[in-house]
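User: I should like a close look at one helix of this structure and at the way it packs. Please explain it step by step, for a first-year student.

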Amino acid sequence: MVVCIFFCRHMICSVINNSCLTNGFIFYQPFGFLSILGMDQMREVGRRFRNRYEKLGHRVSIPDSKDDPSSYAFLDHWEVQAYSTNYLRTVMSVQCFLDGLIGSRNDGQTQKRCKTANKSSRIIYAGGGLSHYYKEAGFHEQLELLNKSMLTTEEDMGHAIGGRSTVKVEVRDKQIDTLNAFDRRPKMMNDLVKDVIATEQFQRIDSMALPLASKLCDFLPGLRGAPQAFGGTPSGINWIHANDHFVCRRAHSVPLLAFTDHEGKDYEVEAEAKLESMAIPVMSHLAWRFREWYSSPRLLAAVSSPPLREIMGQMHDAVDRSLEERRPFVLYSCHDVTLLGLLYAIGADFLVSGEDCGGTKMQEEGKVIHCGLDDGLIANHCLDQSSWRWWPAYSSTIAFELVKVEGQPGVDGHFIRVVLNGKALRLVPMLSADDERILNHQPLHNRQRFGTMSGSGMCDMMGLQDFSQIIHALEEAGGGGTLFSSVEESALEKQAGRLGVEGG
């Protein structure tokens, strides 16, 4: 394996958010700040990736090196680069990922140096930015109450890296950031989403979710009347915020009605069960909305083409490197809507050819009849089926691995494997602008499939030329390069306001 490029969704944020605040309840972490659980889980993801690429990844030939795993220093073999969108939660997520990947508890060489120096290492929580947040915001009380053990000190950093250079997390200006089209081109994205919302199908089906939205608002009144991006939709609420209410509390084992006006009431148990019964329909409708969005060629190209073209360039650069050079190990910390767009763009089979699996009728008299949604697989009365009603969980990762086949020199000897949360994906991508993005009418057997076993027992792998063709077809279907270089965008940006990535 000669190149590893990862896109990861940020980890679990603070369990309290504006949809459930009541009676002026004060919390001591800003919205979007990672919880301790979120930090620990993101660090664990970094460790898992380290274990994988220690075994399978490129190794530079180092004089006097030994095969002892404890002597392995990750940065000796990989040129680690890290990028993040300009959000507190995504920056903190990649910081914690890096701590798991190259931190002092993982690097054998660094551990030896620390022991020799009689210095103990401790977990780095990547929380230094929180003290600056409170100081600048004037929240002196919160600053005094802040757990100082969470903060990373310069001494910690010196111990963690053992004298080695740190890996910088680069937050690029939004005008050139490939990871977030909604911030990079807000006016353009606003217009593209509005075009989808205005269609008869979107208006009709989204209106059918109005009763579900109304029931949700009875329990979570903060959803009702909250500002909506893109001029609003018939269902009347932000479904990303609604879905996060369930996901975040489940991750922390916190009751759904905690910190609401319903907590502690006589009917709390019954109300909790009613709210829980809405979790799957909410996620299901959210997945449908973005499926409609990414059915738009121009919208899908705007979201996914820039990051895909960027990693294509990195892969070509790696092919030209010698065996004595480190290989790129690139991290992109971004958002659920980014990951979802990338999966639609490369033709993840469970999304582009998956089944409906029931939609909002995924409950039967209050009993959940579908499960396994985190994996894109629906267990329906013992019948497993692929489903597009899926949403990226916290800490989800997509890995683009460039693999070199022995005996085949040059570009033709390199293939790309795409791994979602540790599982290799089967791809059914567009290779022509005339191909359907979502397979409704085009027969599956008419499309090139990658990552599936052929009749001869061989696996069809996606080459660099195939990957280039996918990007070309995506851009051609989306109208070409004019999407990403509008001079008028900066002038219109102030009028549109910041839509961000939460306008679901």
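Analyst: In this predicted model, helix α9 and helix α15 cross in the left-handed sense. The contact involves M188, M189, L192, V193 and V196 on the side of α9, and R298, L299, A302 and V303 on the side of α15. Sorted by class, these residues comprise 8 nonpolar and 1 charged, with no polar residue present.

Two values complete the description of this pair. Packed helices in general are described by the angle between their axes and the distance between those axes. Here the angle is about 145 degrees, and the axes lie 9 Å apart. Helix α9 covers residues 186–197, whereas α15 covers residues 297–319.

The length of α9 can be checked by simple reasoning. Its 12 residues, at 1.5 Å a residue, should span 16 Å, and the C-alpha atoms at its ends are indeed 16 Å apart, so the expected and computed spans agree.

Which residues of α9 are buried? They are P186, M188, M189, N190, L192, V193, V196 and I197. Among them, M188, M189, L192, V193 and V196 also belong to the contact with α15. A general rule helps in reading such a list: an α-helix has 3.6 residues a turn, so residues three or four places apart point the same way.

For comparison, a strand may be examined in the same manner. Strand β10, residues 414–420, has 6 of its 7 residues buried, and it is therefore largely enclosed by the rest of the structure. Its pairing partners can be listed in turn. Strand β9 (residues 397–404) runs antiparallel to β10 and is joined to it by 7 bridges; within this pair, F400 is partnered with V418 of β10. Strand β12 (residues 462–463) also pairs with β10 in the antiparallel sense, over 2 bridges, and M462 of β12 is the bridge partner of I416. Strand β11 (residues 423–424) forms 2 bridges with β10, again antiparallel, and here V419 is matched with A424 of β11. The hairpin of β10 and β11 has 2 residues between its strands, and N421 takes a positive phi near 50 degrees there.

A loop residue offers a last example. Y87 is found in the loop between β2 (78–84) and α3 (88–102). Because buried means under 20% relative accessible area, Y87, with 12% relative accessibility, counts as buried. Although Y87 and V171 are 84 residues apart along the chain, their C-alpha atoms are separated by 9.0 Å.

Note on methods. Residues numbered from 1 in each chain as written. Predicted model: local features only at pLDDT ≥ 70, side-chain atom pairs only at ≥ 80, totals over all residues. Heavy atoms only, no water. Axes fitted to C-alpha atoms, helices over the stretch in contact; angles between N-to-C directions. Helix = DSSP H or I, 4+ residues; strand = E, 2+ residues; numbered from the N terminus. Left-handed = near helix turned anticlockwise from the far one by under 90°. Contact = heavy atoms within 4.5 Å. Nonpolar A, V, L, I, M, F, W, Y, C, P; charged D, E, K, R; others polar. Buried < 20%, exposed > 50% of the residue type's maximum accessible area, 1.4 Å probe, protein only. Pairing = 2+ DSSP bridges. Expected span 1.5 Å × (residues − 1).
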